[in-house]
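Reader: I'd like to practise reading cysteines and a chain interface. Can you walk me through a case?

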Protein chains: 2
Amino acid sequence: MFLKRQQRLAHLIQEKHFDALALNAGPSLTYFTGLHFHLMERPVVLLFMPGNEPVLILPELERAKLDQVTYPLKSFVYPENPAQWPNVFSQASQSIELTGKNIGVEPQQLRLLEYNYLTSAAEKGSFSDASGLITSLRAVKDSSEVQYMKKAVQIAQKALKDALKQARIGMAEQELANELVIQLLKHGSEPHLPFSPIVSAGPNGANPHAQPSKRKLEVGDLLIVDWGASYNGYASDLTRTFGVGKVDEKYQHIHHIVHQANAAGREAARPGAACEDIDKAARTVIEDAGYGPFFCHRTGHGIGMECHEEPYIRGDNQQILQAGMTFTVEPGIYLPGENGVRIEDDVLIVKDGVESLSDFPREMHVIEEI
Amino acid sequence: MFLKRQQRLAHLIQEKHFDALALNAGPSLTYFTGLHFHLMERPVVLLFMPGNEPVLILPELERAKLDQVTYPLKSFVYPENPAQWPNVFSQASQSIELTGKNIGVEPQQLRLLEYNYLTSAAEKGSFSDASGLITSLRAVKDSSEVQYMKKAVQIAQKALKDALKQARIGMAEQELANELVIQLLKHGSEPHLPFSPIVSAGPNGANPHAQPSKRKLEVGDLLIVDWGASYNGYASDLTRTFGVGKVDEKYQHIHHIVHQANAAGREAARPGAACEDIDKAARTVIEDAGYGPFFCHRTGHGIGMECHEEPYIRGDNQQILQAGMTFTVEPGIYLPGENGVRIEDDVLIVKDGVESLSDFPREMHVIEEI
């Protein structure tokens with residue numbers, strides 16, 4: 001599988017007139033090699049040049065990870081002392097004659113740390129953005145990737161169902177968030193979640209990126225839960241909004257609007273549609289209801305090994321959707337100082353339309369007083 | 001508190017002849033501002049120039065986080081469309097006249113993404129490594145930071161104690177890792193753990209950075225558990241090694257050696273000692289026992305907001321320890337294809353010596369057949 005991905009990558013590198021690619025620890029390196037490294041103070045870099053064995057620069061104490069490699073790979077390991085690292089980068093670079101070459105990188109992943117080692121090692125090398133060619137491969141999921149994502153969605157849905165059994169008026173956002181994480185793990189999520197769940201109620205919900213606080217759930221709150229699981233390195237990312245006890249009609253109404261916007265966004269998704277069409281379909285529902293200014297973010301983002309990746313579902317993105325692409329549809333309405341609503345599903349573009357990977361009820365479930 | 005940290009930072013920036021500092025989303029930005037942002041596709045950058053209000057560039061949908069700010073801060077928000085971002089970076093840069101200035105950055109944090117926006121916005125600016133001045137502040141913890149770290153250690157210790165009640169022969173590494181994460185959360189860790197626990201037994205333990213696998217605990221295994229909790233943004237990072245049923249004398253012996261090396265490392269720690277002294281003290285015990293080549297990593301690393309930060313406890317690091325510094329002491333012996341041992345504590349340099357924040361029993365506890 002990795003060899004096949006590397007062959008596709010080699011083809012694209014040549015087509016886009018790069019000589020080589022340099023990837024640091026992160027999802028793309030894992031996608032092409034199957035190897036997992038944390039982003040830390042010890043740099044890990046893959047140098048990939050068509051026609052050559054891939055070259056991996058890594059710390060000595062990570063060497064055992066290479067035992068699982070089943071394809072040709074040349075490795076250069078460095079010891080603990082950073083004074084030795086430039087030398088090892090140079091040797092690796094010389095082994096494929098990187099000097100003066102046109103090297104593609106991922107600006108969103110590559111740190112100055114690795115970049116500085118690379119520019120010193122590959123004299124007169126020129127570095128430019130190769131994100132596009134990498135994401136064009138990663139954005140279209142194969143059947144095993146889709147299976148992992150479906151499983152990540154199922155784990156998340158089961159976990160929320162069980163966590164909600166514990167939800168009660170007077171419970172702190174953080175308590176519910178912790179319970180949800182516990183349920184995610186019990187249902188089989190990998191410990192490294194795609195993100196820490198957002199549990200935000202009342203005015204906190206009006207901040208789309210709130211962190212769970214000590215604030216307790218109060219009657220009349222809308223309660224946003226934005227959560228996801230990780231399975232075999234693939235993420236799910238879902239949101240549902242609940243009522244706490246009796247909720248004002250105004251807030252029931254914005255929930256209804258967002259529910260409709262979510263459906264409109266999903267319905268607009270198909271092969272050949274543009275990302276902007278999905279955004280427009282969802283946004284129009286909210287604008288027509290008079291809440292346009294309170295939907296302050298894009299309608300969604302691609303999802304896979306990263307929780308946010310291409311394609312981005314924005315009103316200015318003309319990118320065309322293809323079968324195999326997976327992304328979120330997550331319209332929202334945020335009323336500062338009052339409440340917020342967001343409803344988010346993960347969808348897969350299929351040959352003749354779209355499939356929602358998630359089916360947790362979207363209607364406003366109410367958490368009642370016990 | 002944040003204003004005080006900013007004043008110290010301003011002082012150091014001038015002392016080290018920088019004009020300004022540019023920090024992206026990450027622990028240093030949080031340390032100086034109290035604001036948390038995830039590292040994602042939308043860049044967040046703090047421009048800090050002594051004599052000016054700090055300048056924060058951030059996405060529109062993160063604006064609500066600024067409500068908590070109690071010190072002067074100028075913000076520049078950008079909308080969802082990336083085509084607008086260079087403009088916003090330019091305005092922010094112009095507001096403090098960044099053109100041609102000497103700007104300090106953190107190569108280990110700053111991505112090409114932010115770097116490219118910055119180099120375009122600050123014409124003729126020169127960027128250089130300011131990690132040293134930042135870490136010199138962050139490495140010395142104040143009393144509230146120490147309290148958070150102690151709490152993170154206590155949570156971790158209680159969690160392992162409870163997780164061990166579930167440990168049994170025949171249990172998969174992954175199962176035990178999941179149970180441990182659940183216990184970490186139950187005991188009050190923040191959901192975003194400093195790292196996913198390592199649970200590795202038998203030959204897997206011979207890889208210092210193994211990921212928990214489906215391999216089941218077998219009689220005769222050594223079992224390494226490397227785990228930590230997060231409290232108020234501060235990490236703990238501990239390791240203990242257990243026996244599974246009856247363990248060969250050879251492996252009991254290497255456990256004993258590592259236990260002694262851990263004690264020797266901790267005992268060598270005091271204000272005025274160098275990092276290399278701690279490494280040497282621990283390493284000598286292992287070398288003298290004939291296992292030097294099997295201790296393939298440094299003796300420890302600083303810990304605080306990041307799980308790995310300065311000071312690094314390496315044999316080539318002459319950095320002098322000061323009261324308030326916190327780091328791990330974690331010698332190990334790894335026998336490829338057989339077993340591994342590591343024993344790791346978190347310690348704090350105090351005025352007259354060292355205090356171990358962790359006190360979980362270091363002797364080889366044996367997991368018995370039920």
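Author: Sure. Keep in mind that this is a predicted model. Let's start with B:Cys296, which is partly exposed at a relative accessible area of 26%.

Reader: Why is B:Cys296 not bonded to the closest cysteine sulfur?

Author: The general idea: a disulfide is a covalent bond between the sulfur atoms of two cysteines. Here the closest cysteine sulfur belongs to B:Cys307, and at 18 Å from the sulfur of B:Cys296 that is too far for a bond.

Reader: How many disulfides does the structure hold over all chains?

Author: Zero, over all chains. A:Cys307 is in no disulfide either, with the nearest cysteine sulfur, in A:Cys275, 17 Å away. A:Cys307 counts as buried, at 13% relative accessibility.

Reader: On to the interface. How much area do chain A and chain B bury between them?

Author: About 4100 Å², with 61% of it on carbon and sulfur atoms. On the chain A side, A:Glu41, A:Leu112 and A:His209 supply 16% of the area buried against chain B, more than any other three residues. The contact takes 41 residues from chain A and 41 from chain B.

Reader: Which salt bridges should I look up?

Author: The rule finds two across the interface. One of them joins the side chains of B:Glu41 and A:Arg298, at 2.5 Å from N to O.

Reader: What do the buried residues of α4(A) pack against?

Author: Both chains. In chain A they pack against β1, β2, α3 and β6, and in chain B against β5 and α4. The buried residues of α4(A) include A:Leu112, A:Tyr117 and A:Ala121.

Methods:
Residues numbered from 1 in each chain as written. Chains lettered and ligands numbered in written order. Predicted model: local features only at pLDDT ≥ 70, side-chain atom pairs only at ≥ 80, totals over all residues. Heavy atoms only, no water. Buried < 20%, exposed > 50% of the residue type's maximum accessible area, 1.4 Å probe, protein only. Helix = DSSP H or I, 4+ residues; strand = E, 2+ residues; numbered from the N terminus. Contact = heavy atoms within 4.5 Å. Disulfide = S-S within 2.5 Å. Buried area = accessible area lost by both parts, 1.4 Å probe. Salt bridge = Lys/Arg side-chain N within 4 Å of Asp/Glu carboxyl O.
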